[in-house]
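Morning, everyone. Let me put the structure up, and then we'll walk through a few strands and one helix.

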Amino acid sequence: MNFYISTTGIKKLTISNSAALKPPTPPPPPSTAPNRRIYTRSILPLLLTLAIVLPFCFLRIAFFVLESAAACSSSIDCSGWTLFSGNDDASSRLREEFLRLMVDSKESGSVGSGDGDGVGSFNELVKDTISKPQDMRAFAFKTKAMLQAMEQKLKSARKRESLYWHLASHGIPKGLHCLSLKLAEEYAVNAKARARLPQPEYVSRLTDPFFRHVVLLTDNILAASVVVSSTVWNSADPRKLVFHIVTDKKTYTPMHAWFATNSVHDSVVVEVKGLHQFDWSEDVNSRVHDMFEIHRSIWKRYYNDFKEANFGFDGEDQTQLDVLSPTSLSLLNHLRIYLHKLFPDLKKVVFLDDDIVVQHDMSSLWDMDLGGNVVGAVLDSSCGDGCCPGRTYSHYLNFSHPLISSNFNPDRCAWLHGMNIFDLEAWRKMNITSKYHQWLKHNLNSGLSLWLPGELAPSLMAFEGHMYPIDSSWHVAGLGERPLKIISKEILQDAAVVHFSGPAKPWLEIGSPEREEGLARLQPLRINLDKNMIAIESEF
């Protein structure tokens with residue numbers, strides 16, 4: 001007889017014979033395998049959940065600490081705050097509190113944090129905040145102090161950059177200075193350098209209206225050579241060209257020596273004449289002297305105002321810095337208004353500045369009918385027809401004065417100087433130079449406040465109503481401005497004349513194409529310019 005007792009307790013007793021009965025199978029012990037499977041499946045989601053929740057909790061706690069430090073005066077005040085309150089609401093409160101503290105720091109007149117410590121960079125600010133626990137107010141004061149210090153440094157750097165650019169744009173490169181000295185020596189020792197210009201057999205062409213007369217007023221030998229050579233090389237018939245170069249007394253001998261010893265073309269006539277060689281009447285000399293003195297007074301007035309003012313980096317200050325350049329006091333620039341006196345026997349001339357490069361034939365300019373007007377010029381509208389990208393009359397004239405506002409339209413586009421066709425007969429008939437002097441007297445009587453220094457503003461006023469607009473493809477200007485004007489490659493290549501108006505002249509280091517990424521557009525033009533300069537650079 002066998003006894004079987006259940007493992008769960010003695011609930012019943014079974015007695016049986018071993019032969020007749022088999023003992024009941026005891027219940028299997030509980031298995032641990034299912035529990036292990038359940039644990040393995042749960043661990044990965046748990047880890048993912050913690051990875052998401054813990055950073056969020058960390059950020060919420062950080063915001064909670066900042067907000068409580070800024071807005072709570074005690075723990076009772078913050079008892080209503082909840083850790084997981086709306087994120088937008090908390091961020092909004094934090095932003096408003098930070099702005100309020102920034103405004104308070106401005107009104108207090110202090111830019112420091114109150115402890116005398118300053119920070120010079122964002123990294124220093126972060127390091128200081130971590131090493132010295134502080135409230136929101138101290139953080140706001142230090143942040144504002146850092147931003148104001150950085151702003152002052154930026155303004156100072158921009159001011160220095162503008163002044164250095166201004167000085168660099170009006171200095172004389174060493175190469176140009178040495179070129180003048182060497183040519184002056186050549187004029188003294190070489191009889192060929194003193195040869196008559198032009199040769200006697202070509203003197204009659206100087207006043208012959210059949211030929212195409214080009215006028216330059218310059219003291220830059222290199223620039224004059226580039227203008228003459230580029231005009232000749234791109235002319236359909238260079239034998240008809242006659243160049244009249246007017247320069248000052250100190251540049252006359254080197255200028256004469258250069259063109260006497262370097263012929264651009266066998267049949268091209270070049271005349272070089274110094275201002276001291278003109279035989280003008282006493283009345284004309286007196287008027288020129290008065291004109292120049294008034295321009296000098298205008299320059300001095302703006303210069304004194306500029307010195308006393310706190311120079312910044314806005315557009316108005318930059319414009320005043322540009323107009324105070326030494327070229328505003330150049331007698332050669334101001335003598336443009338006396339072209340009809342400089343060449344009394346000529347009827348029509350093309351005037352070219354010394355900072356231009358000719359790319360195409362200009363023969364049709366001399367055949368152009370100006371419709372009775374005095375000057376043919378391109379309007380400053382390189383962006384297309386009907387637009388005026390900044391060069392309006394308001395850019396040159398003071399329209400706050402009633403004498404200006406009652407006679408001119410501030411939104412009218414100004415026409416470009418530097419490549420113009422002049423009808424000198426119409427000039428004399430319209431008394432353009434007399435109108436110019438009248439406006440000079442008005443400006444003198446108005447305290448020299450009608451326009452900025454320079455010859456452009458009074459020229460616009462004197463030629464008002466006597467300008468004939470020509471196609472914009474004749475003249476593209478602004479290639480020496482800063483920042484560089486955005487002009488398409490097609491417009492540059494199609495332009496008959498490209499003008500480096502502005503401080504960045506091509507013979508200066510700041511005129512290099514590498515100075516701005518946008519100047520890559522000028523690479524074909526640069527090749528053309530280098531081709532015109534190569535003879536001069538190889539000579540010296």
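**Strands, a crossover and one threonine**

Start in strand β6, where Val 350 is the bridge partner of Val 214. Keep in mind that this is a predicted model.

So what does β6 pair with? Strand β3, residues 212-217, pairs with β6 in the parallel sense, over 2 bridges. Then there is strand β9, residues 419-423. β6 and β9 run antiparallel, and 5 bridges join them. Val 350 turns up again here: in β9, its bridge partner is Ile 421.

How many of the residues of β6 are buried? β6 spans residues 348-352, and 4 of its 5 residues are buried.

Now β3. Here 6 of its 6 residues are buried. Look at the side chains. Arg 212, Val 214 and Leu 216 point one way. His 213, Val 215 and Leu 217 point the other way. All of them are buried. The general rule: in a regular strand, side chains alternate between the two faces of the sheet.

β3 also pairs with strand β4, residues 241-247. That pairing is parallel, over 6 bridges. Val 215 has His 244 as its bridge partner in β4. How does the chain get from β3 to β4? It crosses through α6, and this β-α-β crossover is right-handed.

Stay on that helix. α6 covers residues 221-233, and Thr 231 lies in it. Is Thr 231 buried or exposed? The cut-off for buried is under 20% relative accessible area. Thr 231 has 4% relative accessibility, so it counts as buried.

What does Thr 231 touch? Set aside its neighbours within four places in sequence. Thr 231 is then in contact with Leu 241, Phe 243, Leu 352, Val 358 and Met 362. Place some of those. Leu 241 falls in β4, residues 241-247, and Leu 352 in β6, residues 348-352. Back to Val 214: it sits 17 residues from Thr 231 in sequence, and the C-alpha to C-alpha distance is 9.5 Å.

One of those contacts, Val 358, takes us to another sheet, since I want to show β7, residues 356-358.

This sheet is open, with 3 strands in the order β7-β12-β11 and mixed pairing. The edge strands are β7 and β11, and each pairs on one side only. β11 pairs with β12, residues 497-499, in the parallel sense over 2 bridges. Val 476 has Val 498 as its bridge partner in β12.

That's my tour. Over to you.

Key. Residues numbered from 1 in each chain as written. Predicted model: local features only at pLDDT ≥ 70, side-chain atom pairs only at ≥ 80, totals over all residues. Heavy atoms only, no water. Pairing = 2+ DSSP bridges. Helix = DSSP H or I, 4+ residues; strand = E, 2+ residues; numbered from the N terminus. Buried < 20%, exposed > 50% of the residue type's maximum accessible area, 1.4 Å probe, protein only. Contact = heavy atoms within 4.5 Å. Right-handed = clockwise from strand over helix to strand, strands pointing away.
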